[in-house]
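Here are a few friendly notes to read alongside the model. Keep the 3D view open and turn it as you go.

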Amino acid sequence: MEKHMETEIAAINQQSFKDKIKSYTKHPGSFVLLLLVLVAAVLTVGVLVFLVGYILIRGIPYLKPSLFAWTYNSDNVSMLPAMINTLFMTVLALVLSVPFGVGAAIYLVEYAKKGNKLVGIIRVTAETLSGIPSIIYGLFGMLFFVTALKCGYSMMAGATLAIMVLPVIMRTTEEALLCVPDSFREGSFGLGAGKLRTIFKIVLPSAIPGILSGIILAIGRIVGETAALIYTSGTVANLAGFFDSGRTLAIHMYSLSREGMHTNEAYATAVVLLVVVLIINGVSSLIAKKFEAPKQ
């Protein structure tokens, strides 16, 4: 019975697809736009496949145990310290940015009155911060943290990335909260729940997939950032503490390629960086699925 239903559904979908194609061919403008969209999609996928394939082909043959040595030297050019520094920097930046970003979004959506001038100022400021080049953040971090506060080149100064990713987290969280139906809030209020309980028990869990999307974008920017970190956290290749200088994976890859003596190892580092990003996206997707509403 189930197989018969699946066959019927597939036939209906195929027929509807054919009907759509016929409707497009009747209108030349729609058909041209359809072709442009298909070409753009094929080009996007093709470029992605080419880049990933090129990195894997050039980098995988040079992945060797010496690249994962605990300490870095000019012979093994180990990336393990940079991997740990990347993890440390990512956690540090998210700890500083996520509470403020999510909190600001909750205020804008749940508490701020419509037409509030402060809301408009916050949104314009967030949009402005999103468009500032990363090197500007690096120069700001160098002048404020490294020079003025005398933190020196350190992971603490590199936490300037928290300011850089804050607008992304705030805006995506705001959109995720706006997508939560008002009926959820009204049902919670009808059962006697207060404002704060409704937000943390009903609204935020429903918006988790959207919030995670913003956090994933923030992680991607942190992991791939170089310009801002060169001026703040420095380029020292060994393990870094909270107030010590250290390079991340992206800076490690940039430094190796710039020197010109370890280009192959730079490609190997790119492979590891690619795998790390894929793992982060996969884990985040699994977490988001746990919070998705079950399909009826």
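1. How much space lies in the second largest pocket? This is a predicted model, and in it that pocket holds about 150 Å³. Its lining is made up of Leu96, Ser97, Phe100, Phe145, Met156, Ala159, Ala162, Ile163 and Leu166. Two elements, helix 3 and helix 7 (161–178), each give two or more residues to this lining. By type, the lining has eight nonpolar residues, one polar and no charged.

2. Now turn to the largest pocket, with a volume of about 190 Å³. Around it you will find Met83, Thr86, Leu87, Thr90, Val91, Leu94, Ile219, Val223, Leu249, Val276 and Ile280. The elements that supply two or more of these residues are helix 3 (80–111), helix 9 (195–223) and helix 12 (263–291). Helix 3 gives the most, with six residues. Charged residues are absent from this lining too, which divides into nine nonpolar and two polar.

3. Step back to see the whole fold. The protein has twelve helices and zero strands, so try following the helices one by one from the N terminus. Contacts also link distant parts of the sequence: among those with a separation of 6 or more, 70% join residues 24 or more positions apart.

4. Finally, look at the inside and the outside. The protein has 296 residues, and 33% of them count as buried. Its accessible surface comes to about 17,600 Å², and carbon and sulfur atoms account for 70% of that area.

Terms used: Residues are numbered from 1 along each chain as its sequence is written. This is a predicted model: local features need pLDDT of at least 70, side-chain atom pairs count only at pLDDT 80 or more; totals for chains, interfaces and linings use all residues. Side-chain values use heavy atoms; hydrogens and water are left out. On a 1 Å grid over the protein atoms alone, a cavity is a set of points where a 1.4 Å probe fits but cannot get out, and a pocket is an open set with protein on both sides within 12 Å along at least five of seven lines; lining residues have an atom within 4 Å of a point. Grid points are joined across faces, edges and corners, and a volume is the space filled by probe spheres set on the points. Helices (H or I, at least four residues) and strands (E, at least two) are DSSP runs, numbered from the N terminus. Ala, Val, Leu, Ile, Met, Phe, Trp, Tyr, Cys and Pro count as nonpolar, Asp, Glu, Lys and Arg as charged, and the others, Gly among them, as polar. Buried means under 20% relative accessible area, exposed over 50%, partly exposed in between (1.4 Å probe, protein chains only). Contact means heavy atoms within 4.5 Å. Accessible areas come from the Shrake-Rupley method with a 1.4 Å probe; for residues, only the protein chains shown count as cover.
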